[in-house]
Amino acid sequence: MSSETADMLIKEFMRYNDNFAHFTWIGGEPLIREDSFFQEIMDSSKKHNIKNLRVSHSIQTNGLYSPERFDTLKKMGFKIGISYDGTPDLQASHRVGGKNAEKIIENIYQTKRNAGIISVLTKKSVGREKEIYDFFKENTTFARVNLFAPTGKGLAHEKELIPSIEEAKSMLLNFYSLWREDNSPLELRPHREIVRSFFTGFPVNCEYSAVSCYKIFGSDSKGDIYTCSRSIHIPEMKLGHISEGLDKLVDSKPHQKILERYLYLKEKSNSPYFHISCGGCPVEAYSHTGDMMNLAFFSGEPRDALFREIEKDLKNDAKRKKLERKAGII
Ligand code: SF4
């Protein structure tokens, strides 16, 4: 992405917005751009923030860049998230260029727990939950686990990597119990956010909330705007170019489909948890079935099993108190 496109995006999103803006700089690999590009982003943010919005920026990187670079970017104000699948062998078998796993670990150690870690859970991660969780605990205070749901080029590895429904369920439950029993300050997502939604009634994670999904947009490197950064290979999910202005793109026909899908799936759903699950990610549904109006692959039983377990825990006073603390309610 050129500095001009980044500036145009920041300017327009901040003009349109009245609340807060969060920008995630994501790849490919965003750090192929030099630090001066990221300084320009921060400068644009200041320059265009005429409404005094709350603004934050994060970068999701493959972790192959030097810890000094992470320090520089953190000083500029970026949060850093490193994609790392929890153990060297999992990293090596999941990723193109996985041979660099040792280098990434070294860089994670050097960040001294100052970077978040984002891990993808595949069929190969089943039974390795404790190992992965312990790695998080030692090396970060913020981690996210995402079930492997192939979109775009990832579809080529679907058979080999996608967990079955039962495997997905056991991983979600195992991570939940590891986090629930843990007294360290580690924030594990999406589990923390899911527990929080039981107290607030309002999920914030986009894959559990059609409203959050509707409020997120993706841009490709040319400034073409899509419903999400995960849909930039799907022509039906393109909204237009940023130069047309967000007044035209927000709530346009392809954008409205996110909320239409929610209403359609809600009508058909028998799940008592649909209001905090919402049918899952529309891009995943599209990738699996060719139609975004379907449920996402993991949106049924794996999640419902987790919701049932949380609901059961909330009936126990001691566990409820602990979950309130862990979810940041009290
Ligand atoms: S399309 Fe999927 S990943 Fe993107 S914002 Fe919506 S739920 Fe999240």
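Reader: What is the bridge partner of Gly-218 in β8?

Author: Tyr-226 is the bridge partner of Gly-218. Bear in mind that this is a predicted model.

Reader: What makes β7 and β8 a pair?

Author: Two strands count as paired when DSSP finds at least two bridges between them. β7 and β8 (residues 224-226) have two bridges, in the antiparallel sense, so they make the cut.

Reader: And why are β7 and β9 called edge strands?

Author: The open sheet runs β7-β8-β9, with antiparallel pairing. β7 (218-219) and β9 (238-241) each pair on one side only, which is what being an edge strand comes down to.

Reader: Over to α5. How do you know where its buried residues, Ala-101, Ile-104, Asn-107 and Ile-108, lie around the axis?

Author: Look at the arc. These four buried residues of α5 (residues 101-110) span only 120° around the axis, so they sit on the same side of the helix. An α-helix has 3.6 residues a turn, so residues three or four places apart point the same way. Glu-102, Glu-106 and Tyr-109 are exposed, on the face turned away from the buried side.

Reader: What do the buried residues of α5 pack against?

Author: They pack against α3 (67-76), β3 (78-83), α4 (88-94), β4 (116-121) and α6 (129-139).

Reader: Now a charged one. Why is Glu-284 called buried rather than exposed?

Author: Count C-beta atoms: Glu-284 has 23 others within 10 Å. Buried takes 20 or more, so Glu-284 qualifies. Glu-284 sits in helix α13 (residues 282-289). Setting aside residues up to four places away in sequence, Glu-284 touches Ala-149, Thr-151, Ala-296 and Phe-297. Phe-297 is 13 residues away in sequence and 7.3 Å away in space, C-alpha to C-alpha.

Reader: What makes Ile-80, Ile-82 and Ile-117 stand out in the largest nonpolar core?

Author: Contacts within the core. Of its 67 residues, these are among those that touch the most other members, a list that also includes Phe-136, Ala-149, Phe-175 and Ala-296. Helix α8 (residues 165-181) gives the most to this core, six residues. A second, separate core has seven residues, including Met-237, Leu-239, Ile-242 and Leu-249.

Reader: Last one. How many residues of the shell around the ligand are nonpolar, polar or charged?

Author: Seven are nonpolar, one is polar and two are charged. The surrounding residues include Cys-206, Glu-207, Cys-213, Thr-227, Cys-228, Arg-230 and Cys-281. Glu and Arg count as charged, so Glu-207 and Arg-230 are the charged ones. Cys counts as nonpolar, so Cys-206, Cys-213, Cys-228 and Cys-281 go in that class.

Definitions and conventions
Residues numbered from 1 in each chain as written. Predicted model: local features only at pLDDT ≥ 70, side-chain atom pairs only at ≥ 80, totals over all residues. Near = placed C-beta within 6 Å. Buried ≥ 20, exposed ≤ 12 C-beta atoms within 10 Å, placed from the backbone. Arc of directions from axis to C-beta. Contact = placed C-beta atoms within 7 Å. Core = buried A, V, L, I, M, F, W, Y, C linked by C-beta atoms within 7 Å.
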